[in-house]
Amino acid sequence: MKSILRLFYIHDPMCSWCYAFSQSWTALQQDLPRDMEIVYLVGGLAPDTTEPMPLATQKMVQQAWQRIEQTVPGVHFNWDFWSRNTPIRSTYPACRAVLAAKKQRAEAEPEMIRAIQTAYYQQAKNPSLRETLQACAREIGLNEAVFIEDLGSPAIESELQHQIQLARSMDGYSYPSLRLVHNNTVFPVAIDYLDHRTMLSEIVVAQA
């Protein structure tokens, strides 16, 4: 019996480095073996809060944006976000939105991730807010009433906690992270923002 190959992508929809990785990740997926199962896991970068983001944290996030723009070609941020919004250090709502999207339609999972990243990084909207997430759901064609109900449901909360724990069990504490699971062994795959072929080579060697 052929062993199952799974590639776990541990991410957070509001993680700027995950946004920076999106082009390389897309290229990698296109070149992966056809029998490879891709599994998304939300890592849960920042728990629920309604408190404004402390200035020191704002500075840390802004420095990450600057570093990305300097090191990953073609990735740019809409810096108006910082003047148009009250930033909140809470990514769990966006993580739940991804899970609620997947519950309605499996292929809506990556669509919701892209919609949240576009709203946040290009349109300077705040995905910590429910109204932003509802707009993303409308944009990708989800049933908005069902989405709103799922977003606050115990089932989605349970799935969020399950995925966070699974990510941590694979030592996935930083985002993005890739883990190849082959014959019940977990292989970390080094993230490459510039050339997906280095990751592809690692995966090919690990599964051999």
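# A walk through one chain: surface, sheet and salt bridges

The chain exposes about 10,400 Å² to its surroundings, and carbon and sulfur atoms supply 52% of that area. Before I go further, please keep in mind that what we are looking at is a predicted model, and that residues are numbered from 1 along the chain as its sequence is written.

Let me begin with the overall picture. For 208 residues, a compact globule would have a radius of gyration near 17 Å, and since the chain has 17 Å, the two agree. If you draw a box along the principal axes, the C-alpha atoms fill roughly 50 × 40 × 30 Å. Of the 208 residues, 50% count as buried. When we take the contacts in the chain with a separation of 6 or more, 74% of them come from residues 24 or more positions apart.

Now to the secondary structure, which comes to nine helices and four strands. If you follow the sequence from its start, you will meet them in the pattern β-α-β-α-α-α-α-α-α-α-β-β-α.

I would like to spend some time on the strands, starting with β1, which covers residues 5-11. Six of its seven residues are buried, so β1 is largely enclosed by the rest of the structure. Which strands does β1 pair with? With strand β2, residues 36-42, the pairing is parallel and runs over seven bridges, while with strand β3, residues 177-182, the pairing is antiparallel and runs over six bridges. To find the parallel pairing on the screen, look for F8, whose bridge partner in β2 is V39. Between these two parallel strands the chain passes through helix α1, residues 16-31, and this β-α-β crossover is right-handed. For the antiparallel pairing, you can look for L5, which stands opposite H182 in β3, and for I10, which stands opposite S177 in β3.

That brings us to β3 itself. Is β3 enclosed or open to the outside? Six of its six residues are buried, so this strand, too, is largely enclosed by the rest of the structure. It is worth turning the model to check both faces of β3, since S177, R179 and V181 lie on one side and L178, L180 and H182 on the other, and all of them are buried.

Besides its pairing with β1, β3 is joined by five bridges to strand β4, residues 185-189, and these two strands run antiparallel. Here R179 has P188 in β4 as its bridge partner. The hairpin of β3 and β4 has two residues between the strands, and in this hairpin N183 takes a positive phi near 55 degrees.

Let me turn, finally, to the charged side chains. As a general point, side chains of opposite charge can pair when their charged atoms come close. How many salt bridges does the structure hold? There are nine of them, and I will take you through a few.

One of them links K103 and D150, whose closest N and O atoms are 3.2 Å apart. K103 lies in helix α4, residues 92-104, and D150 lies in helix α7, residues 144-151, so this pair ties together parts that are 47 residues apart in sequence. Are the two partners buried or exposed? K103, at 53% relative accessibility, counts as exposed, whereas D150, at 9%, counts as buried.

A second place to look is R105, which meets E107 in a salt bridge with an N to O distance of 4.0 Å. R105 also forms a salt bridge with E111, and there the closest N and O atoms are 3.2 Å apart. R105 counts as partly exposed at 23% relative accessibility, E111 counts as partly exposed at 23%, and E107 counts as partly exposed at 47%. Elsewhere, salt bridges that share partners join D48, R96 and E157 into one network.

How values were computed:
This is a predicted model: local features need pLDDT of at least 70, side-chain atom pairs count only at pLDDT 80 or more; totals for chains, interfaces and linings use all residues. Side-chain values use heavy atoms; hydrogens and water are left out. A salt bridge is a side-chain nitrogen of Lys or Arg within 4 Å of a carboxyl oxygen of Asp or Glu. Buried means under 20% relative accessible area, exposed over 50%, partly exposed in between (1.4 Å probe, protein chains only). Two strands pair if DSSP finds at least two bridges between them. A crossover is right-handed if, with the strands pointing away from the viewer, the path from the first strand over the helix to the second runs clockwise. The radius of gyration is taken over C-alpha atoms; the globule rule is 2.2 Å times the number of residues to the power 0.38. Contact means heavy atoms within 4.5 Å. Accessible areas come from the Shrake-Rupley method with a 1.4 Å probe; for residues, only the protein chains shown count as cover.
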